[in-house]
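Please consider the protein shown here. The questions concern its metal site, one of its helices and some of its charged pairs.

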Amino acid sequence: MAGLLFGTAGIPRSTKIKSTQSGIERIAELGLGCMEMEFVRGVRMSEAGAHLVAETATRTGVKLSAHAPYFINFNAHELEKIKASQERLLQTARVAWLCGAESVVFHPAFYLGDSPEKAYDTVKKYLRETLTQLKEENNRVCIRPETMGKPSLFGTVEEILNLCTELGGLGICMDFAHWHARTGGLNSHREFASILQQIEEKLGRAALDNMHIHVSGIAYGGKGERKHLNLKESDFQYTELLKALKDYDVKGIIICESPNLEEDALLLQTTYNTLLKTG
Ligand SMILES: [Zn+2]
């Protein structure tokens, strides 16, 4: 993948007709490079619809990814809920594959009072089944568990990287805002660089050549993430992050999850391009 592409979580706010296809057209008009389809409340797209989306994405050159439903917990204590979680991830991956999307991101699990080690083993077991199923279907979309913003949620950088090394077909979705909110730190060039270093050490250079990143401003407290904010209303040092991404020559996709979506996506893109020019 050539360089870094910037885009929005869902269709841009300035899209006149609220459809995925119009959203993709709007991304191209704005000069952005990618869009994440938000299936967070459920996967509602027909096969025919997905083909039209794929056509629009190809025609405009916009890269797509998909966000699976929030109601997923690979550490649920009832097997029924695990099965439903697997089904939701599968549905997202099937539609995403038809749309020509390269990645599916999802929130893997809640600890529910379990030790992180126990939760890890459960998540790994059931996620492996889903990945095997997708392989059997010849679905090669990259499944990406996301780093999460609250201590009650499974998804530390270490947990996600360990899953990626133990299970094939997985990649990381590095949500820098979540990690900042969860740790109260991770907000300097040095810290951003250390995360990139860690990813390269664990997963190899190929992971930095095909990254999937979430960024936004964020409000947080003792229990981690409270809500997303626009970058300029937050303490998030996005220029420092962009410098680190440039220094490590990171390639891939950056999805902006600020409430103002395309405004901050464009801010990130412009800032990044300025950094590239000034060396
Ligand atoms: Zn997410």
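The following questions and answers concern a predicted model.

Q: Which residues coordinate the zinc ion, and at what distances?
A: H67 and H107 each contribute an NE2 atom. E146 contributes its OE atoms. H67 lies in strand β3 and E146 in the loop between β6 and β7, 79 residues apart. The residues are therefore H67, H107 and E146, with distances of 2.1 to 2.4 Å.

Q: Is the arrangement of the donor atoms around the zinc ion tetrahedral or irregular?
A: A tetrahedral site needs all angles between 85 and 135 degrees. The 4 donor atoms here subtend angles of 54 to 146 degrees, so the arrangement is irregular.

Q: What span does helix α4 reach from its first C-alpha to its last?
A: Helix α4 covers residues 116–136, which is 21 residues. At 1.5 Å a residue, the expected span is 30 Å. The helix comes close to this expectation, reaching 30 Å.

Q: Which residue of helix α4 forms a salt bridge with K83?
A: Side chains of opposite charge can pair when their charged atoms come close. The closest N and O atoms of this pair are 3.8 Å apart. K83 lies in helix α3, 46 residues from its partner in helix α4. That partner is E129.

Q: Is D114, which meets K118 in a salt bridge, buried or exposed?
A: K118 counts as partly exposed because its relative accessibility is 47%. Buried means under 20% relative accessible area. D114 has 15% relative accessibility, so D114 counts as buried.

Notes. Residues are numbered from 1 along each chain as its sequence is written. This is a predicted model: local features need pLDDT of at least 70, side-chain atom pairs count only at pLDDT 80 or more; totals for chains, interfaces and linings use all residues. Side-chain values use heavy atoms; hydrogens and water are left out. Helices (H or I, at least four residues) and strands (E, at least two) are DSSP runs, numbered from the N terminus. The expected span of a helix is 1.5 Å times one less than its number of residues. Donors are N, O and S atoms within 2.8 Å of the metal (3.2 Å for Na, K and Ca); water is not among the atoms, so sites may look incomplete. Four donors count as tetrahedral if all angles lie between 85 and 135 degrees; four count as square planar and six as octahedral if opposite donors are over 155 degrees apart and all others between 65 and 115; anything else is irregular. A salt bridge is a side-chain nitrogen of Lys or Arg within 4 Å of a carboxyl oxygen of Asp or Glu. Buried means under 20% relative accessible area, exposed over 50%, partly exposed in between (1.4 Å probe, protein chains only).
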